[in-house]
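Thank you for making time for this; I would like to walk you through one structure this morning. Please have the sequence and the model open as I speak.

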Amino acid sequence: MCGIIGFAGNLPAKDVLIDGLEQLEYRGYDSAGIAIMDPSAGLLLAKKVGRVADLREAAKKLETKGTTGIGHTRWATHGGVTDANAHPHRVGRVTLIHNGIIENYRDLTVQYGLKDMLKSETDSEVAAAFLDKVYEGDPIDAIRKVVKLLSGSFALCIMFDDQPGKIYSVRNVSPLVAAASKKGAIIASDLTAIIAYSKEYFVVPEYHILTLSEEGIKVEDMKGNEVKPEILTVNWDISAAQKGGYPHFMLKEIYEQPDALSRTIMPRVKDGLPYLLDDGIDDEVLKGVKNINIVACGTAMHAGMVGRTVLENRLRIPVTVEIASEFRYKDPIIDEGTLTIVLSQSGETIDTLEALKLAKSKGSKVISIVNVKGSTIARESDYVLYTHAGPEIAVASTKAYTVQISAMYLIACRMGFVKGILKEDEAKEFVQNLMNAGELIKETLLNANNIKRIANYIKVAPDVFYIGRGIDYTMCLEASLKLKEISYIHSEAYAAGELKHGTIALISEGVPVIAIATDENVYSKVISNIREVKSRGAYVILISHDDDINDNTICDKQIKIPDADSTFSVFATAAVLQLIAYFVSDAKGLDVDKPRNLAKSVTVE
């Protein structure tokens, strides 16, 4: 959840840290803080409830030429949003920042008599106090002793008063990446904070201790053996993590979807067919699959639901979509014929990671669909299909969602082809339609002004309902989540055929109902359901392929999307629904990119 940055080099640390925290603010923004080693004044600390802009203002009085420091943006888990609970935490000779949850912090507090050392309500400060308690002049030894006794997930960056110019770091589960350049060594919870200094980086190995200094980064395992990490290269520019003239990252990312789809799909098409061998996914892996479990959280789970519709309808293979946080605590039915597909934009989602490990322990092969190279989920999987969406900064996912769907479609088509369920010409037609998905979105985005006008009606509504059938119903689920996330309007998604089973009681005069009708097989049924809500006073917004509908017994407004099979209409529909949520939030004057109580990457339970 939280954002972490550390720098040890030859630049003013204050500027590096605060600039980096602004790049990481989408990971947590309840409070922010920095700690800097000053050559003459010792350790200087500034932390503030609120956004990084508030910290920047507070840090103006922090006059220092220090070139070593750590910074943090907090998403509160333990303790309220207060200055005292903000990071960094300083206890005795130790200053520390933390992302994750230390599950046994109460036990440690009692067992090691730490209570009188604590000033905050956080589990993080317990780690700082524990380190100070055991520290006898050797930072590595103290970190080893403490880490062995910590339960839970953690990414720690630590400074010791008597180790000027050095930062120490260790992690378990919670993400960290690091890079060394001529300007110094830098570590962060996300690439967006380090790419300005280096395009070469490495993922910090779990349970390895890093020492960062102006000279570089030393990595050693828990036994003291030096380790050379695998160096990776960022394949996008710093401008990809900037707004580029758009008022919000979310809008920029909606408009980036055609290019993101192209980068994800095109390299995986050969001779008109899906080609996954470059991703290490051999045809034999797919041939023997008898059933599929799709496991994910939130928006990624909704992408999985779209994938399930295509896999089951085209391949006639049983497919189950599971919420990762539920899957990991049940006894799933898995055998050697089961393929588990996990989806995660960050590749660090804790529940999805633990579900992955459970599936593997029961003998299932795992394909992960992730956007971040070298992420934990990618490393733990048997096979990885990387999406190429580039950085997604807005908390509400848009382009990551559509590229995940496209990745699911590639797997479905290749599996159908190698199993002999799809003939070659059928598979090629499927791929051709998939390659056109970006064009469907481009054409849809031309209608943005009309969608904005419709959003102005929705912005004053206390409730909104989405209805659809089949694959359109899965789109309703994601649309409802988006609207709730960023506009704070109560929203529900329903299978249109279920309206008569109780839900229609919620329909009253003027309540907006957004109906999706792109599937010809059930189109007439959906229209009947729309008439039912319209006759009860609903304000109906219809998303469909039809030419303009003037019958006011069907809808008040229509958003027409390009003609396409409903399997591929999902890409155009997604763009419409994303724009509705965006424009409603913007019209209400809300912080579109950073909705309250949410963070981008969920790395704690």
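I will take two helices, then the core and a cavity, and finally some backbone details.

Let me say at the outset that what you are looking at is a predicted model, and that the values I quote are computed from it.

I begin with helix α4, which covers residues 123-134. At 1.5 Å a residue its 12 residues should span 16 Å, and since the C-alpha atoms at its ends are 17 Å apart, the expected and the computed lengths agree. How many of the residues of α4 are buried? The count is 11 of the 12, taking buried to mean under 20% relative accessible area, so the helix is largely enclosed by the rest of the structure. The buried set includes charged side chains as well as nonpolar ones, for Asp123, Glu125 and Asp132 are listed in it alongside Val126, Phe130, Leu131 and Val134, among others. As for what encloses the helix, its buried residues pack against the strands β5 (89-91), β6 (94-102) and β7 (152-160), and against the helices α3 (105-111) and α5 (139-147).

The second helix is α9, residues 298-315, where the same reasoning applies: 18 residues at 1.5 Å each should span 26 Å, and the end C-alpha atoms lie 25 Å apart, which again agrees. This helix is mostly covered, with 13 of its 18 residues buried. Directly after α9 comes arginine 316, whose phi is positive, near 60°.

Now to the interior. The largest nonpolar core has 100 residues, and the members that touch the most others are Ile292, Tyr409, Tyr466, Phe571 and Ile580. Helix α19 makes the biggest contribution to this core, giving 14 residues. If we look at isoleucine 580 in particular, and leave aside residues up to four places away in sequence, its contacts are Ile451, Ala455, Ile458, Tyr466, Ile514 and Ile559.

Where is there empty space inside the model? A search of the whole structure finds two cavities of 30 Å³ or more, and I will describe the second largest, which has a volume of about 40 Å³. Its lining consists of Tyr401, Met475, Glu478, Ala479, Lys482, Ala574, Leu577 and Gln578. Two elements, α17 (471-487) and α19 (566-587), each give two or more residues to that lining, with α17 giving the most, at four. By class, the lining has five nonpolar residues, one polar residue and two charged residues.

I close with the backbone, bearing in mind that most residues other than glycine have a negative phi, and that most peptide bonds are trans. Between histidine 87 and proline 88 the peptide bond is cis, with omega near 0°, and proline 88 sits in the loop that runs between β4 (68-74) and β5. Tyrosine 207 has a positive phi, near 55°, and belongs to the loop between β11 (200-203) and β12 (208-213); at 31% relative accessibility this tyrosine counts as partly exposed. Aspartate 271 also has a positive phi, of about 55°, and is placed in the loop between β15 (269-270) and β16 (273-274). Is aspartate 271 buried or exposed? Its relative accessibility is 64%, so it counts as exposed.

Key:
Residues are numbered from 1 along each chain as its sequence is written. This is a predicted model: local features need pLDDT of at least 70, side-chain atom pairs count only at pLDDT 80 or more; totals for chains, interfaces and linings use all residues. Side-chain values use heavy atoms; hydrogens and water are left out. The expected span of a helix is 1.5 Å times one less than its number of residues. Buried means under 20% relative accessible area, exposed over 50%, partly exposed in between (1.4 Å probe, protein chains only). Contact means heavy atoms within 4.5 Å. On a 1 Å grid over the protein atoms alone, a cavity is a set of points where a 1.4 Å probe fits but cannot get out, and a pocket is an open set with protein on both sides within 12 Å along at least five of seven lines; lining residues have an atom within 4 Å of a point. Grid points are joined across faces, edges and corners, and a volume is the space filled by probe spheres set on the points. A nonpolar core is a set of buried Ala, Val, Leu, Ile, Met, Phe, Trp, Tyr and Cys residues joined through side-chain atoms within 4.5 Å.
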